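Thanks for making the time this morning. I would like to walk you through one structure, so please have the sequence and the model open while I talk.

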Amino acid sequence: MLDAITVNNPLRTGLSETRTVDPCIMVIFGATGDLTQRKLVPALYSLAADQPPLPANLTIVGVARRDWSDDGFRAYVKEGVQKYARQPYDEALWETFAQGISYCQVEFDDDAAYYNLAETLARLEEERGTNGNRIFYLATPPRYYSDIVSRMGAAGLVQRTTDGPSYCRLIVEKPFGHDQESAQKLNAELNQVFKEDQIYRIDHYLGKETVQNILVLRFGNGIFEPLWSREYIDHVQITVAENIGVEGRGGYYEEAGALRDMVQNHLLQLTTLVAMEPPSGFGANVVRDEKVKVLHAIVPMSDDVIARDTVRGHYGSGWIGAEQEPGYTSEKGVAPNSQTETFVAAKIAIDNWRWAGVPFYLRTGKRLPKRITEVAIQFKTPPFSLFRKTGADELQPNVLSLRIQPNEGISLKFGVKSPGQAMHIRAMNMEFLYGSSFGAEPPEAYERLLLDCMVGDSTLFTRRDETEAAWEFVDAIEAGWHTEPEANPLQTYDPGTWGPHLADELLEREGRSWRRL
Ligand code: BG6
């Protein structure tokens, strides 16, 4: 069978570093779900089609409760590959790839089923020559995570060592816990079976090409870092907007809400990357040490501050184009009197030498006008307005905008004199677009993350202390909203708008405004 292959890792230590991808078995729990069909198998297929390709003996075992056959599971994931993979579908490649795919029915609470799974894995390892390397992927509803992992441990599926000839790793999908307490409990349970450095907690935002580029922009260039502080930056805005609603996930969303679903992970992760100190290297722990420091430096919010500096809302019904869309409370699985938010805006403060006094404004929501994720660094205006008599009031601050998606790129806004006798100053943008500069589509976030896990690089996964610190911050807001609901009334906003008016007031009262995106 095939040997390991090597791939470049430009992020870690330099363009010339290569990483070895050994053949392995990836066992996906919850394999009949959407994530496997839309993201996981298409990502593995695209990696298999890339140059260099994944080892051809990569083996995928789908595990779930449904009574499916190998062929049934293959047909299901083939459809996903055809629809969602970045790489075009190729029949010959698929045939080879599909030979490594099988299915194993497991009731998650049935001890015996895990022993059967152990036998299946041992047989496949023998047949496919995967050298005992195993990655277990938890893509089930989170309530099963602990049970699955403890039964895996009891059935001897897990090798609890990180320095043997083969590896055994666990990838855990979000949500990781529901609050800090449940995250701590889950961490403790997982740690009974896996060591911390065998656990890879996914936040797919960290796999996005442009999110990784935040580090390259900051630390791979000489000109930005000297300006990256309270001396020159007025404030930071982070927007993660979606135009879709909850899309059939009402049941899950009722439990989560936008604060837990988006802020606890994606928005706080973006915040840490923007705000962290330069790490001493790109090793997994040094990068994550710096990110955790940011989370610890975020000023905890008292109830008064929560009432003043956070806004929550959910979408009402309304017309989007020619379609009348239901409001959040009429979505399937949502209580008619639900108080769950689909929109959050918040102002947060980071209390450290670099950021004291620089607000970070975060906002995220569903059914907003468009799908866009952007980090905007707004710089201070010049201390003395030389052009004040010539329309200087119109001068706009410099903004460095990092567009995470779509139209990935970076733009820098600055004032220029418009041609003519008069001194008119106009804001112009200097733009870099990934699409036009590099041509090819960037890899999907899951491709990057699955590959990183295969090579044992956990830099782009969240560490135990990071997850728990993020929950601590979010729990306080959640508690504030619920202990004093009158002080934090849930707003209803029209679909296709930028959320409740109070979100605009949050900035306006400080003489600022959200960027028009
Ligand atoms: C997920 C959330 O983590 O991120 C979803 O659970 C959200 O509610 C999704 O729609 C957004 O991801 P992306 O990559 O489309 O911005």
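Before I come to the first residue, a word on usage: when I say that two residues are in contact, I mean that they have heavy atoms within 4.5 Å. Please also keep in mind throughout that this is a predicted model.

Let me start with Thr36, which lies in helix 1, the helix that runs over residues 34-49. Leaving aside its neighbours within four places in sequence, Thr36 is in contact with Ile28, Gly30, Ala31, Val41, Pro42, Phe73 and Val77. Is this threonine buried or exposed? Thr36 has a relative accessible area of 0%, and therefore it counts as buried. Its side chain also has a polar atom that lies 3.4 Å from the backbone oxygen of Ala31.

Now to the ligand, and to the question of which residues surround it. The shell is made up of Lys174, His204, Tyr205, Lys208, Glu242, Arg249, Asp261, Met262, His266, Lys366, Arg371 and Gln405. Sorted by character, these shell residues divide into 7 charged, 3 polar and 2 nonpolar. Helix 8, residues 250-275, gives the most to this shell, with 3 residues.

Several side chains place a polar atom at a short listed distance from an oxygen atom of the ligand: for Tyr205 the distance is 2.5 Å, for Lys208 it is 2.6 Å, and for Glu242 it is 2.5 Å. On its own the ligand has 400 Å² of accessible area, and the protein covers 83% of that.

Gln405, one of the residues around the ligand, brings me to the backbone, where the peptide bond from Gln405 to Pro406 is cis, with omega near -20°. Pro406 sits in the loop between strand 16, residues 399-405, and strand 17, residues 409-418. Asn407 has its place in the loop between strand 16 and strand 17, and its phi is near 45°, a positive value in a residue other than glycine. With a relative accessible area of 55%, Asn407 counts as exposed, because the cut-off for that word is over 50%.

Two further backbone features deserve a look on your screens. A cis peptide bond joins Gln51 and Pro52, with omega at about -5°, and Pro52 is placed in the loop between helix 1 and strand 4, residues 59-64. Glu247, in the loop between strand 9 (233-241) and helix 8, has a phi near 50°, which is a positive value in a residue other than glycine.

Note on methods
Residues numbered from 1 in each chain as written. Predicted model: local features only at pLDDT ≥ 70, side-chain atom pairs only at ≥ 80, totals over all residues. Heavy atoms only, no water. Near = heavy atom within 4 Å. Polar contact = N/O pair within 3.5 Å; in protein donor to acceptor, adjacent residues only side chain to side chain. Areas by Shrake-Rupley, 256 points an atom, 1.4 Å probe, with all protein chains shown as cover. Helix = DSSP H or I, 4+ residues; strand = E, 2+ residues; numbered from the N terminus. Nonpolar A, V, L, I, M, F, W, Y, C, P; charged D, E, K, R; others polar. Buried < 20%, exposed > 50% of the residue type's maximum accessible area, 1.4 Å probe, protein only.
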